Amino acid sequence: MDEDEAATSGNHTVCPLCGGAGVVSDPKYAVIAGTARTIDNGRPCRGCEGNGYRSGLIPPV
Ligand SMILES: [Zn+2]
């Protein structure tokens, strides 16, 4: 239980999926100019819709 985090976030809970970033990593394999590489532009977190936190308290899973 992280009491400091709960105290500072009030009724908001930092999103457990993205850790408050609002985005989650979304690495994709791509070939750019003939070079294979991984790109990661991220995508909006489906857990918090990009807000980085969720309303209310969410019990730890
Ligand atoms: Zn999130």
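What percentage of the 61 residues in the protein is made up of buried residues? Buried residues account for 7% of them. In this description a residue is buried if 20 or more other C-beta atoms lie within 10 Å of its own, exposed if 12 or fewer do, and partly exposed in between, with the C-beta atoms placed from the backbone. The structure is a predicted model, in which local features need pLDDT of at least 70 and side-chain atom pairs count only at pLDDT 80 or more, while totals for chains, interfaces and linings use all residues. Residues are numbered from 1 along each chain as its sequence is written.

The protein contains one helix and six strands. Helices (H or I, at least four residues) and strands (E, at least two) are DSSP runs, numbered from the N terminus. Read from the N terminus on, the order of the elements is α-β-β-β-β-β-β. Contacts can also be described by their separation in sequence. Among contacts between residues at least 6 apart in sequence, 55% join residues at least 24 apart; two residues are in contact if their C-beta atoms, placed from the backbone, lie within 7 Å.

The pairing of β3 and β4 deserves attention next. These two strands pair in the antiparallel sense over six bridges, where pairing requires that DSSP finds at least two bridges between two strands. Within this arrangement, V31 stands opposite A36 in β4, and the bridge partner of A30 in β4 is R37. The two strands form a hairpin with two residues between them. Neither strand supplies a buried residue: β3 is hardly covered, with zero buried among its six residues, and β4 lies largely in the open because the number buried among its six residues is zero.

The turn of this hairpin holds A33, which lies in the loop between β3 (27–32) and β4 (35–40). A33 has a positive phi of about 55° although it is not a glycine. Most residues other than glycine have a negative phi. A33 counts as exposed because it has 5 C-beta neighbours inside 10 Å.

A positive phi is also found at E49, where the angle is about 60° although this residue is not a glycine. E49 is placed in the loop between β5 (43–44) and β6 (53–55). With 11 C-beta neighbours inside 10 Å, E49 therefore counts as exposed.

Two further loops may be followed earlier in the chain. G19 is found in the loop between β1 (12–14) and β2 (23–24), and it counts as exposed because it has 11 C-beta neighbours inside 10 Å. The C-alpha atoms of G19 and C45 are separated by 9.9 Å, although the two residues are 26 residues apart along the chain.

S25 lies in the loop between β2 and β3. Having 10 other C-beta atoms within 10 Å, S25 is exposed. Which residues does S25 touch, not counting residues up to four places away in sequence? S25 touches D40 and G42. In addition, S25 and R43 are 18 residues apart in sequence and 6.6 Å apart in space, taken from C-alpha to C-alpha.
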